[in-house]
Structures are given as C-alpha cells and as structure tokens.
Amino acid sequence: MAIENKPGEEFDIIFSRNDSLELSSHHEYDTTHARIFKIIVIGDSNVGKTCLTYRFCGGTFLKNPEATIGVDFRERTLELDGESIKLQIWDTAGQERFRKSMVEHYYRSVHAVIFVYDVTSLSSFESIPEWIQECSRHSVGPLVPPAQCLADSYNFPLFETSAKDPSEKENVDAIFLTLAYRLKSHKPLRLKQPSESNLRQMWNQREREAATCQC
Ligand SMILES: Nc1nc2c(ncn2[C@@H]2O[C@H](COP(=O)(O)OP(=O)(O)OP(=O)(O)O)[C@@H](O)[C@H]2O)c(=O)[nH]1
C-alpha cells in the first residue's frame with residue numbers, strides 16, 4: 001500500500017501486498033535535470049521491503065538479505081513522457097531497535113509512502129494501521145485503515161506482487177510507476193539530495209548520542 005504525499009494537497013493511497021518483483025529492462029537516463037521524488041518504504045521486519053526495492057532498482061531478487069539497520073537508499077531514474085523522474089527510495093528498518101531516532105528523517109520532505117506487508121503473515125497485515133498512525137504522527141496525510149474494500153471504496157489501486165517471482169516483475173514496476181506518474185503531475189519540486197555519506201554520518205551521530213544518553 002502506498003500513500004502519495006502531495007504537499008499542501010490531499011493524499012491518494014495505493015495499497016500493495018508484497019509477495020515479489022523484477023525489472024524487464026534497465027535504461028540509463030540523464031539524471032542531471034531529473035525531478036526527484038522521495039519515497040519511503042515501511043512495514044514490519046521481514047516483510048520484504050528490501051527485496052521489493054532491490055527488485056525495482058536492481059532488477060533482481062536479492063538472496064539472503066540482511067535486516068536493514070536504519071535506512072538503505074536506492075534510486076532509479078525513469079523516463080516518463082520525455083521527462084526524467086528520479087525516485088529516491090528509502091528502504092527503512094522494520095525492527096524497532098534499528099529505527100531509533102532516524103524516524104524523523106524518514107518522513108522529512110517525503111512525497112509518498114509505500115506500506116508493505118507479507119501476504120503469508122497476518123500479523124504484518126494487522127500492523128499496517130500502526131504504520132499508518134506513525135505516518136499520521138509525522139503529518140503524512142490523512143490516513144485510513146487498509147483493506148481491499150476500503151481501497152475499492154476510495155478508488156485506490158491495490159497491488160499484489162512478489163519480489164521473488166520473476167513473472168511478477170511488471171507488478172512491482174506498476175507500484176512505482178503509478179506513483180511516479182502521479183508525482184510527475186505535481187508542481188516542479190527539486191530536492192537537494194543528501195549524499196549517502198551525509199546520511200550515514202547523520203545516522204552514526206545519532207547512534208553516538210543515543211549511546212551517551214543517560215535517560
Ligand atoms: N517468497 C517470497 N519471499 C520474499 C519475498 N520478498 C522477500 N522475501 C523473503 O523475505 C525475507 C525478508 O526480506 P527483506 O527484504 O529483508 O525484509 P525487510 O522487510 O526488508 O526486513 P527488515 O530489513 O528487517 O525490515 C527474506 O528471507 C526474503 O528472501 C517475496 O516476494 N516472496
């Protein structure tokens with residue numbers, strides 16, 4: 001499920017259920033003039049967030065992924081109707097102990113949120129309202145509980161896909177392309193993109209602060 005954050009406007013929500021993803025082809029585009037959109041991917045630990053984003057950005061199924069610590073960054077530039085659109089994808093840690101104080105940064109200047117749950121894990125589905133509440137706490141749009149009927153009643157698209165099954169690759173692309181097309185129609189917005197080393201530095205700094213905190 002994904003929420004598209006249109007700054008200053010109402011939100012659209014896209015539901016997605018993860019059971020896999022892969023890319024049919026990869027093209028390199030000139031990213032110099034690309035508009036950048038930040039998308040965060042959240043959900044319980046072990047639901048496949050890393051594999052989903054890796055499939056979209058890397059084109060393959062990531063075998064033996066390790067638990068995400070803090071956040072991992074991936075990006076992919078798309079050519080949509082002759083325009084370069086760069087999706088900067090933040091793959092966040094599902095485990096609370098690995099999220100720590102980075103949470104504020106996850107939600108800063110976010111354009112869209114993808115909620116991921118595992119179709120074989122009821123608890124990961126039942127956690128979705130909590131993830132939605134977390135977004136609400138960080139002012140990411142008015143949110144509603146997830147369900148197919150709700151998706152239908154709000155006319156939100158629902159994607160069910162698998163990062164593992166190559167035949168599902170179009171469905172994975174569909175999640176991100178749907179967001180990209182919707183984001184593309186927004187007013188031009190260029191983000192100053194933090195470098196990975198800056199973000200790592202920020203994360204390490206927070207770790208040090210947390211380690212020395214007496215409370
Ligand atoms: N069958 C199947 N397994 C998957 C799929 N996507 C991921 N997995 C498996 O699910 C497990 C967890 O995948 P991750 O992508 O690391 O999960 P995550 O949500 O990023 O986990 P955290 O980093 O802890 O938040 C791994 O063993 C993957 O091989 C999928 O689409 N189908």
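The exchange below goes through a predicted model, from its overall make-up to single side-chain pairs.

Trainee: What should be known about numbering and confidence, and what pLDDT do side-chain atom pairs need?
Mentor: Residues are numbered from 1 along each chain as its sequence is written, and side-chain values use heavy atoms, with hydrogens and water left out. In this predicted model totals for chains, interfaces and linings use all residues, local features need pLDDT of at least 70, and side-chain atom pairs count only at pLDDT 80 or more.

Trainee: How many helices and strands does the chain have?
Mentor: Helices (H or I, at least four residues) and strands (E, at least two) are taken as DSSP runs and numbered from the N terminus. On that basis the chain has 8 helices and 7 strands.

Trainee: What percentage of the residues of the chain count as buried?
Mentor: Buried means under 20% relative accessible area, exposed means over 50%, and partly exposed is in between (1.4 Å probe, protein chains only). The chain has 215 residues, and the buried share is 49%.

Trainee: Among contacts between residues at least 6 apart in sequence, what percentage join residues at least 24 apart?
Mentor: A contact here means heavy atoms within 4.5 Å. With pairs at least 6 apart in sequence as the base, the share joining residues at least 24 apart is 74%.

Trainee: Why is strand S3 described as largely enclosed by the rest of the structure?
Mentor: Arg35, Phe37, Ile39 and Val41 point one way from S3, while Ile36, Lys38, Ile40 and Ile42 point the other way, and all are buried. Strand S3 covers residues 35–42, and it is largely enclosed because the number of its residues that are buried is 8 of the 8.

Trainee: Over how many bridges does S3 pair with strand S5, and in which sense?
Mentor: Two strands pair if DSSP finds at least two bridges between them. S5 spans residues 83–92, and the partner there of Ile36 is Lys86. The S3 and S5 pairing is parallel, over 7 bridges.

Trainee: Which residue in S6 stands opposite Ile40?
Mentor: S3 is joined to strand S6 (residues 112–115) by 4 bridges, and the two run parallel. In S6, Ala112 and Ile114 point one way, Val113 and Phe115 the other way, and all are buried. The residue opposite Ile40 is Val113.

Trainee: How many salt bridges does the structure hold?
Mentor: A salt bridge is a side-chain nitrogen of Lys or Arg within 4 Å of a carboxyl oxygen of Asp or Glu. The number of salt bridges in the structure is 8.

Trainee: Which residue forms a salt bridge with Arg74?
Mentor: The closest N and O atoms of the pair are 3.0 Å apart. Arg74 is in strand S4 (residues 71–80) and its partner is in strand S5, 17 residues apart. Arg74 is buried at 15% relative accessible area, and the partner is buried at 0%. That partner is Asp91.

Trainee: How many residues apart in sequence are the parts that Asp173 and Arg76 tie together?
Mentor: The side chains of Asp173 and Arg76 meet in a salt bridge of 3.5 Å, N to O. Asp173 lies in helix H7 (residues 169–184) and Arg76 in strand S4, so the pair ties together parts whose separation in sequence is 97 residues.

Trainee: Which residues are joined into one network by salt bridges that share partners?
Mentor: Lys184 and Glu83 meet in a salt bridge (4.0 Å, N to O). Lys184 lies in helix H7 and Glu83 in strand S5, so this pair ties together parts that are 101 residues apart in sequence. Lys184 is buried at 17% relative accessible area, whereas Glu83 is partly exposed at 26%. The network is made up of Arg35, Asp81, Glu83 and Lys184.

Trainee: With which side chain does the side chain of Tyr107 make a polar contact?
Mentor: A polar contact is a pair of N or O atoms within 3.5 Å; within protein, one must be able to donate a hydrogen and the other to accept it, and residues adjacent in sequence count only if both atoms are side-chain atoms. Tyr107 is in helix H3 (residues 103–107) and is buried at 5% relative accessibility. The contact, at 2.6 Å, is with the side chain of Glu134.

Trainee: Which backbone nitrogens does the side chain of Ser162 reach?
Mentor: Ser162 is in strand S7 (residues 158–162) and is buried, with a relative accessible area of 6%. Its side chain reaches one backbone nitrogen at 3.1 Å, that of Lys164, and another at 3.1 Å, that of Asp165.
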